[in-house]
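Got the viewer open? Keep the selection box handy and follow along, one stop at a time.

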Amino acid sequence: MKAIINGRLVLPDTTLDHHVLLYEGDTIADIVPQDAVNLDNCETVIEAEGAFVMPGFINEHIHGCAGVDTMDEDVAALPKMQQVLPATGVTSFLPTTMTYDRPRIEAALQRIRQAKRNPGARILGAHMEGPFISKTYKGAQKESNISVADFSWLEPYDDVVKIITLAPETLQGKAFLEACAKHDIIVSVGHSAATYEEVRSIMADCPFYHITHLFNAMTPLHHRKPGIVGAALLDPHAHCELICDNLHVHPAAQELVYHMKGQDGIILITDSLRACLLADGESELGGQKVFVRNGEARLADGTLAGSIAPMHEVVHHFFVNSKAPLHEVVAMATVNPARDLGVCDRLGSLAKGKLADIVIISPDDFRVKKTLIGGEIVYTA
């Protein structure tokens, strides 16, 4: 048996002090009062020193970091992401593709399938961001690669693709949505010019759906045209991704979303690109040049091109800005994505019988002190 002691355990419904987290092999064995444990019987004791002990973060929307990207043809790119991400508290993620041509996207999905077996941060599948999107709200996606929704792209990779971002107003009927539901693929509304009415009508039959990086690359909230943002805030079936780097979404807007959606309706993401964890300079995303300066990544025309914020910073920003309880904020980066991705039986919270994917975070600056995946220490600051 192994133990983590003197930590503040962040559970789905509370933060628990004066308890010990026990784990054996790759699984959490129990959480018990500290005076009920004889530490002499533990082969390993990790001293948390008053830090927060949380489930590992699940990042469902990330293009790259540390100089590599999901779309890179180099087979070493994904393994590098898997090794680097635990330093940001991420223990599971969905490598996210860009709007490229079909052969390039399929090659990326094949690499993701192969990389699921690698050590390091767990790859739970892929998030396809495009190419079935709107030219009007393409954002940093390349317009020449945008195409009409075709499920034949996804069907050979239904073991890999977990989320597909698309513009619902471009669909021909609901056959595509029905196929996604049949294959357990989450549809996420994004890079879209849809009206409020179109979103509510087209997505009405979905038990739930996602909103790709709420506020960004979509029709905005207006008092006479509520747009996608209005639909996202009002529809309880819409689970909203949020990039909380304090650039993509203003702190006040983050607080507003918390009051509208609550703990269960928000999923914190980074949407980070290869420039994340690197110094300022020229970078790349989706075949286009990106220029990083003073914490901002933009295309040559000034368009925001994803985030360079790591996950622990995103979670901290939302904690400060929303004024929500810590356990609720952590759930937005753990419980909620695990629930929607269908892995909450083994990931997403500190509970007996779940995998020992654990991150220890300093309460002072919210930096990652230690990360465990399957009970093994994979990162120490």
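## Stop 1: Val-292 and its surroundings

Select Val-292 and show what it touches: leaving out residues up to four places away in sequence, the list is Ala-275, Asp-280, Gly-281, Ser-283, Ala-297 and Ile-308. Bear in mind that you're looking at a predicted model. Val-292 sits in strand 20, which covers residues 288-293. Is Val-292 buried or exposed? Its relative accessible area is 6%, so it counts as buried. For a sense of scale, draw a C-alpha to C-alpha distance from Val-292 to Leu-372: you should get 31 Å, for a pair 80 residues apart in sequence.

## Stop 2: the largest pocket

Now select Cys-180, Ala-181, Ile-185, Ile-186 and Pro-207. These lie nearest the centre of the largest pocket, which has 21 lining residues. The space inside comes to about 430 Å³. Colour strand 14 (161-166), helix 3 (175-182), strand 15 (186-189) and helix 9 (335-341), since each of these elements gives two or more residues to the lining. Which element gives the most? That's helix 3, with four residues. Colour the lining by class and you'll find 12 nonpolar, two polar and seven charged residues.

## Stop 3: the second largest pocket

Next, pick Ala-140, His-191, His-213, Leu-304 and Gly-306. They are the closest to the centre of the second largest pocket, out of 18 residues that line it. Its volume is about 190 Å³. By class, this lining holds seven nonpolar, nine polar and two charged residues.

Stay on His-191 for a moment. Its phi is positive, about 45 degrees, though the residue is no glycine. You'll find His-191 in the loop between strand 15 and helix 4 (196-202), and it is buried, with a relative accessible area of 4%.

## Stop 4: two more backbone oddities

Most residues other than glycine have a negative phi, and most peptide bonds are trans. With that in mind, jump to Asn-246, another non-glycine with a positive phi, here about 65 degrees. Asn-246 belongs to the loop between strand 17 (238-243) and helix 6 (251-261). Its relative accessible area is 32%, so it is partly exposed.

Then zoom in on the bond between Gly-130 and Pro-131: this peptide is cis, with omega at about 15 degrees. Pro-131 lies in the loop that runs between strand 13 (126-129) and strand 14.

## Stop 5: the nonpolar cores

Select Met-54, Leu-154, Ile-164, Ile-211, Leu-214 and Leu-268. Those have the most contacts inside the largest nonpolar core, a set of 94 residues. Centre on Ile-164 and show its partners, skipping neighbours within four places in sequence: among them are Met-128, Gly-130, Phe-132, Leu-154, Phe-176 and Cys-180. Apart from that core lies another of 15 residues, including Leu-11, Ile-28, Leu-350 and Ile-360.

## Stop 6: helix 1

Last selection: residues 77-84, which make up helix 1. Which of its residues are buried? Ala-77, Leu-78, Met-81 and Gln-82. Look down the helix axis and these buried residues fall within an arc of 140 degrees, so they line one face of helix 1. To see what covers them, switch on the surroundings, including strand 8 (57-62), strand 11 (90-97) and helix 2 (102-115).

How values were computed
Residues are numbered from 1 along each chain as its sequence is written. This is a predicted model: local features need pLDDT of at least 70, side-chain atom pairs count only at pLDDT 80 or more; totals for chains, interfaces and linings use all residues. Side-chain values use heavy atoms; hydrogens and water are left out. On a 1 Å grid over the protein atoms alone, a cavity is a set of points where a 1.4 Å probe fits but cannot get out, and a pocket is an open set with protein on both sides within 12 Å along at least five of seven lines; lining residues have an atom within 4 Å of a point. Grid points are joined across faces, edges and corners, and a volume is the space filled by probe spheres set on the points. Ala, Val, Leu, Ile, Met, Phe, Trp, Tyr, Cys and Pro count as nonpolar, Asp, Glu, Lys and Arg as charged, and the others, Gly among them, as polar. Buried means under 20% relative accessible area, exposed over 50%, partly exposed in between (1.4 Å probe, protein chains only). The arc is that of the directions from the helix axis to the C-beta atoms. Contact means heavy atoms within 4.5 Å. A nonpolar core is a set of buried Ala, Val, Leu, Ile, Met, Phe, Trp, Tyr and Cys residues joined through side-chain atoms within 4.5 Å.
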